[in-house]
Amino acid sequence: MLRRAQRLVRTHAFRLAGLYFVVFVLSVLGVLFFVYWTSADFVERQTETTLDAEITGLAEQYAQRGLSGLVQIVAARSAGDRGDGMLYLIANRDGRPLAGNISGWPEGSPTASGSLSFQIEVPGRSREESHPARGKLFAIPDGYRLLVGRDISDAAAFRDRVKTTLVWSGLLALALGLVGGTVMSRNMLRRVEEVNRTAERVIAGNLSDRVPRLGTADEFDQLAANLNSMLDQIERLMAGMREVTDNVAHDLKTPLARLRARLELALLAPADRAAQSEAIRTAIEEADRMLATFNALLSIAEAESGARADTAESLDLAELAGAVAELYEPVAEEKGFAMRLEDVPGVVIRGDRHLLSQALANLLDNALKYGASLAGGGEIVGRAVLEVRDRGPGIPEREREAVFDRFVRLEPSRSTPGNGLGLSLVRAVAHRHNGTVILADNRPGLKVRLEFPEIPEPAE
């Protein structure tokens, strides 16, 4: 239990809850002090206003009726229990009372006009009680004095009651704040620990584990959703990596086995120069095919990393397509395919000539491998467009996203020559040039459409 408490204290959630608690305490104390101050000030001002009004009225009566009239008025107001706690006293220069409900002049009271505080003795249930009072003094000529006061014991009791109520309310609010802060910090810590436990299980190798969500749509749920999406992506990448590794092993195993067999045949027939030459030639072809696989991987990595960003230049898309088509035209004629170039001159983009040529070469190579006829063209339709169409079997719509992954081939036997990297390179080159690649049905065959940002023609 002690270790858990120490761990809780060291957490950021606890420190944050402690900060909120301190702010809450200061806010509550500020509010309570303001309430007490305004209540006490209200009672004080009400008492002062009442005394001022009473003194003013009696001063006017003195001016109109003189000392005898003032004594009569004070005696009348002092008779009986008015219930408002008002106190009156008229005394001569010696302090002897002439009229009023106070038995004697308060000790230590000033003789000049002004405010004063004093104590009065009033009958209680069992004995006399001392009550606080607040008064105003009015000096009358010839040493006579008028004291108008008010018993403020009820106001003092009210202030004490307010003070007591506010103290208990503050203690209750602080207790609730402490409990709420503890609950909040523990709840935050629990959700953070769920993330940590999930991360530990993923590190241990359980890539299928996910952070639980409560469905509250708060920040923790959003964090859990983002982490789960990241784990999904990592799991897909790991699965793709395993698949790529398996495909690489499968695609390289057969060429290496053939290469070794050719070299063994050359060793077994040292006297047969023709057989040795043929074996060496075949071995070189197998090595070239393996090198082509690794070169394709390097080209994809180069296109994705943007390592050749400084080689970008203005290119005429039709001219680029014509150069690559001219290179593949003899191969198409040899295989009996009809190649037709439909170009629109003047479509200029900015890019890497080598990478774009390699991407277009891959598309033409695929078309010659799987298609029965071929057409390539550059045209402008809002953007610079390069399109290659064939009349082959095409690619099913459900497979059109998967074929862009490395080493993916739709032929399960993987007996057709190729390494499954052509379309991966095409997409990498398209993204490198801020373009897009779209696969569509050519009815029959496949239509590959590359779109690039076009460089606008300069204004004349």
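In this predicted model, the side chains of K136 and D52 come together in a salt bridge, with 3.3 Å from N to O. This pair joins distant parts of the chain: K136 sits in strand β4, D52 sits in helix α2, and their positions lie 84 residues apart in the numbering. The two partners differ in their surroundings, since K136 is buried at a relative accessible area of 16%, while D52 counts as partly exposed at 38% relative accessibility.

K136 has another partner as well. A salt bridge connects K136 with E48, and here the closest N and O atoms are 3.2 Å apart. Because K136 belongs to strand β4 (residues 128–140) and E48 to helix α2, this pair ties together parts that are 88 residues apart in sequence. Both K136 and E48 are buried. If you step back from the single pairs, you will find E48, D52, R134 and K136 linked in a network of salt bridges. The structure as a whole holds 9 salt bridges.

One more of these is worth a visit, in another part of the chain. D232 and R210 meet through their side chains in a salt bridge of 2.7 Å, N to O. D232 is in helix α4 (residues 219–268) and R210 is in the loop between α3 (153–203) and α4, a separation of 22 residues. With 30% relative accessibility, D232 counts as partly exposed.

Here are the three pairs side by side.

| Salt bridge | N to O distance |
|---|---|
| K136 and D52 | 3.3 Å |
| K136 and E48 | 3.2 Å |
| D232 and R210 | 2.7 Å |

The loop that carries R210 also holds D209, between α3 and α4. Is D209 buried or exposed? D209 is buried, because its relative accessible area of 15% falls under the 20% cut-off. Beyond its neighbours within four places in sequence, D209 is in contact with T198, R201, V202 and L231. Helix α4 also contains R236, and this residue is exposed, with a relative accessible area of 51%. The C-alpha atoms of R236 and L207 are separated by 9.8 Å, although the two residues are 29 positions apart along the chain.

Back in helix α2, E54 is a good residue to look at next. E54 is buried, with a relative accessible area of 15%. Which side chain does the side chain of E54 meet in a polar contact? The partner is the side chain of R77, at 2.3 Å. Not counting residues up to four places away in sequence, E54 touches R77, M86, Y88 and V148.

Helix α2 spans residues 12–78, and F33 is part of it. F33 is exposed, because its relative accessible area of 59% is over the 50% cut-off. Together with V31, F34, V35 and W37, F33 forms a nonpolar patch on the surface, and the five residues share about 550 Å² of accessible area.

Nonpolar side chains in soluble globular proteins tend to be buried together. How many residues does the largest nonpolar core have here? That core has 40 residues, and those with the most contacts inside it are I349, L356, L360, L363, V437, L439 and L450. Two or more residues each come from the elements α5 (273–305), α6 (317–334), α7 (353–370), β10 (384–390), α8 (422–432), β11 (436–441) and β12 (446–452). Helix α7 gives the largest share, 9 residues. For a closer look, take L363: leaving aside neighbours within four places in sequence, L363 is in contact with V388, L423, V426, V448 and L450. There is also a second, separate core of 14 residues, and among its members are L58, L70, I73 and Y88. Y88 has already appeared above as one of the residues that E54 touches.

To finish, here is the overall picture. The protein has 8 helices and 12 strands. Of its 460 residues, 36% count as buried. Among contacts with a separation of 6 or more, 61% are between residues 24 or more positions apart. The protein exposes about 27,700 Å², and carbon and sulfur atoms supply 57% of that area.

Methods:
Residues are numbered from 1 along each chain as its sequence is written. This is a predicted model: local features need pLDDT of at least 70, side-chain atom pairs count only at pLDDT 80 or more; totals for chains, interfaces and linings use all residues. Side-chain values use heavy atoms; hydrogens and water are left out. Patches are made of residues with over 30% relative accessible area and no salt bridge: like charges are joined within 9 Å, nonpolar side chains (Val, Leu, Ile, Met, Phe, Trp, Tyr) within 5 Å. Accessible areas come from the Shrake-Rupley method with a 1.4 Å probe; for residues, only the protein chains shown count as cover. A salt bridge is a side-chain nitrogen of Lys or Arg within 4 Å of a carboxyl oxygen of Asp or Glu. Helices (H or I, at least four residues) and strands (E, at least two) are DSSP runs, numbered from the N terminus. Buried means under 20% relative accessible area, exposed over 50%, partly exposed in between (1.4 Å probe, protein chains only). A polar contact is a pair of N or O atoms within 3.5 Å; within protein, one must be able to donate a hydrogen and the other to accept it, and residues adjacent in sequence count only if both atoms are side-chain atoms. Contact means heavy atoms within 4.5 Å. A nonpolar core is a set of buried Ala, Val, Leu, Ile, Met, Phe, Trp, Tyr and Cys residues joined through side-chain atoms within 4.5 Å.
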